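Dear colleague,

I am passing on the structure we spoke about, and below it I have set out what I found when going through it. Please read the notes with the structure open beside them.

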Amino acid sequence: MFKDCQGIPYPVYAEGKVSFISSVKGAVPENSVFELRVTVPAESQEPAAGQFYMIHPKRSNHLLGRPISVYNAEKKSDGSVEVTFLILLKGDGTKELCDLHLMDDINLLGPCGNRFPCPVSDKKVLIVGGGIGVAPVAGFASTLPAKSYDFYASFKSGSYGLENVKADKLIITTDDGSVGVHGMLPAALTEEALKAGNYAAVYACGPAPMLAYVKQISEKLGIQCWLSMESRMACGVGVCLGCTIETSEGMKRCCKDGPVFDSKILPMEKPAASVAGVPVQPRREPLAGDADLSVEIAGVKFANPVIGSSGTFGFGTEYSTVFNVNRLGGIASKGLTLEPRQGNKGTRVWETPSGLMNSIGLQNPGIPHFIQNELPSMMSLKPVAIANLSGSTMETYVEGAKLLEKTDVPMIELNISCPNVKAGGAAWGMTCTAASEVVKAVRAVTTKPLIVKLTPQSLEINKVALACIEAGADGISLCNSFQGIAIDIERGVPVFENLKAGLGGPAVRPIAVRLIYELVEAINTLPEEKRVPVIAIGGIEKWEDAVEFIMAGASALEIGTATFANPYAMIEIIDGLAAYMKRKGYKTINDFKGIIQK
């Protein structure tokens with residue numbers, strides 16, 4: 001086993017099996033903390049107190065493992081090591097870990113990081129844990145002689161993780177008074193109590209405000225203080241430099257130089273009042289009633305901002321037996337052309353990591369057929385019906401718009417962004433001149449609200465959008481699929497007949513959020529009376545994604561690929577938005593729309 005100059009073993013990659021998984025008694029709310037035990041092979045090194053592992057289920061929906069501190073480790077008679085973790089159910093990654101079953105396979109990289117330094121005198125030491133931060137310090141406590149330390153544990157409610165603590169004095173504080181002293185840590189661990197303890201050193205792990213307090217009172221009394229820090233990580237071994245934290249000695253890697261640091265080198269500054277120049281939002285009181293999710297786009301009122309995206313939701317009725325489509329804010333029809341189209345030949349869909357490529361080629365029944373057969377069904381539904389108009393020539397766009405103008409459809413989405421046709425489509429949205437011409441021509445033959453759907457392939461998206469607004473667009477939807485290429489490596493040929501195809505899904509979302517932000521930023525430079533709403537499209541699969549786009553400036557959202565993966569996605573997004581707004585005190589979408597715009 002290779003070790004560094006301090007005798008700490010270098011981490012190794014090992015495959016383990018879940019030997020125990022259960023929710024932890026005493027944690028509040030119930031089932032919020034889980035105990036996970038993993039048995040790793042005999043050649044694995046037993047971890048030292050304070051170290052952690054990057055743990056990653058073999059069957060995982062996440063790219064990265066999660067750094068989890070060691071709670072306990074035990075060498076078995078066969079030489080294997082059973083490592084125990086306490087896991088706070090916080091996000092999707094930890095939920096995946098908490099949902100593991102007995103004998104599931106799990107990958108571990110570790111043990112990672114440094115260890116808690118051993119006490120250097122016979123004097124008692126003080127150990128402090130807050131919330132899930134109790135786990136690593138409780139593990140450290142179990143390596144010390146009984147009654148050689150005092151232990152303070154602080155929780156919001158309830159208590160857990162203290163079974164192996166053999167302290168001379170164990171004091172528990174809870175914010176709600178459910179266990180021990182009523183209050184946060186300072187209610188019990190005062191400067192006077194710390195001084196009276198005559199401690200040789202203090203060891204602590206927990207939330208940043210708690211650590212800042214422990215640092216302050218320890219250093220004031222001249223007591224050596226060691227703090228276990230945390231940071232988002234990618235590699236866990238010190239190479240990616242993604243987990244660095246600021247110290248008086250420069251930027252230090254939390255995974256390699258830490259996680260245990262001498263408190264004297266940690267500034268422990270207060271949380272920033274702004275990030276990238278954007279003020280941190282002040283806390284609001286939760287709403288007493290329900291939030292109002294309604295939005296208005298170009299004079300048309302939507303019950304909520306969630307719209308079934310064109311090309312992924314048919315004409316609305318196809319999913320009517322799957323879920324209550326009447327709960328949606330709107331439905332954008334399949335892309336419509338003046339003439340019926342059969343679409344592209346060959347492979348049409350191809351799954352990629354966190355995405356879906358498609359080369360449908362605008363197959364549709366044609367606008368006359370739509371008006372006579374599909375539109376009546378769309379109009380019978382509660383969501384706002386949006387006709388997605390495409391074409392191959394200026395004439396077909398104009399003639400299609402003339403036909404739609406005679407109908408009751410309340411809104412037209414002008415599609416100048418389809419990436420999967422050889423003529424027309426995205427070619428119209430690539431330049432300001434072409435986009436302006438087609439928008440102006442369609443605007444001249446229809447009085448209906450006109451939303452222009454743009455392509456992310458343009459090198460001047462914002463200029464194209466502004467040209468469309470000048471030509472008469474009442475709103476912009478962005479962005480249609482990104483172009484990509486897939487190759488069949490067994491046959492050595494492209495997957496798609498047209499070579500290039502559209503890519504959508506969660507993989508494109510961060511890029512789409514940037515594009516929406518930049519577009520809204522550009523629109524905000526216009527006089528207020530000329531500004532138009534933006535409908536966001538691009539990898540939205542959860543309500544959290546929807547909030548991101550709205551905060552970036554979007555007024556509404558079109559959901560596409562997510563419906564294929566989870567037919568209930570749009571309903572879950574609507575419900576999630578409502579719950580989020582109530583919890584955060586946002587009465588309307590406008591209360592948080594565009595809040596990161598500087």
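What percentage of the 598 residues of the protein chain count as buried? The figure is 53%, and please keep in mind throughout that this is a predicted model.

To begin with the chain as a whole, it contains twelve helices and 34 strands, and its C-alpha atoms fill a box of roughly 90 × 55 × 45 Å when taken along the principal axes. The protein chain exposes about 27,400 Å², of which carbon and sulfur atoms supply 53%. If one takes the contacts between residues at least 6 apart in sequence, 65% of them join residues that are at least 24 apart. As for charge, there are 57 positive and 61 negative charges, and their mean positions lie 2 Å apart.

Turning to the strands, you will find an open sheet of seven strands with mixed pairing, in the order 11-10-9-8-12-13-16. Its edges are strand 11 (181-182) and strand 16 (260-262), each of which pairs on one side only. Within this sheet, strand 8 (residues 125-130) and strand 12 (residues 201-205) run parallel and are joined by four bridges; Ile 127, for instance, has Tyr 203 in strand 12 as its bridge partner.

The helix I looked at in detail is helix 9 (residues 509-523), whose 15 residues should span 21 Å at 1.5 Å a residue, and this agrees with its end C-alpha atoms, which are 21 Å apart. The buried residues of helix 9 include Arg 509, along with Ala 512, Val 513, Leu 515, Ile 516 and Tyr 517, and further along Leu 519, Val 520, Ala 522 and Ile 523 are buried as well. Among the elements that cover these buried residues are helix 8 (461-471) and helix 10 (543-552), together with strand 28 (475-478), strand 29 (482-485) and strand 33 (534-537).

Finally, a single loop residue may be worth a look: Val 70 sits between strand 4 (66-69) and strand 5 (72-75). Val 70 counts as buried because its relative accessibility is 8%, and the cut-off for buried is under 20%. Leaving aside neighbours within four places in sequence, Val 70 is in contact with Pro 47, Gln 51, Phe 52, Tyr 53, Val 83, Thr 84, Phe 85, Ala 135 and Pro 136. Of these partners, Phe 85 is 15 residues away along the chain, yet the C-alpha atoms of Val 70 and Phe 85 are separated by 5.4 Å.

With best wishes

Note on methods:
Residues are numbered from 1 along each chain as its sequence is written. This is a predicted model: local features need pLDDT of at least 70, side-chain atom pairs count only at pLDDT 80 or more; totals for chains, interfaces and linings use all residues. Side-chain values use heavy atoms; hydrogens and water are left out. Helices (H or I, at least four residues) and strands (E, at least two) are DSSP runs, numbered from the N terminus. The expected span of a helix is 1.5 Å times one less than its number of residues. Buried means under 20% relative accessible area, exposed over 50%, partly exposed in between (1.4 Å probe, protein chains only). Contact means heavy atoms within 4.5 Å. Accessible areas come from the Shrake-Rupley method with a 1.4 Å probe; for residues, only the protein chains shown count as cover. Lys and Arg count as positive and Asp and Glu as negative; His and the chain ends are not counted. The place of a charge is taken as NZ of Lys, CZ of Arg, CG of Asp or CD of Glu. Two strands pair if DSSP finds at least two bridges between them.
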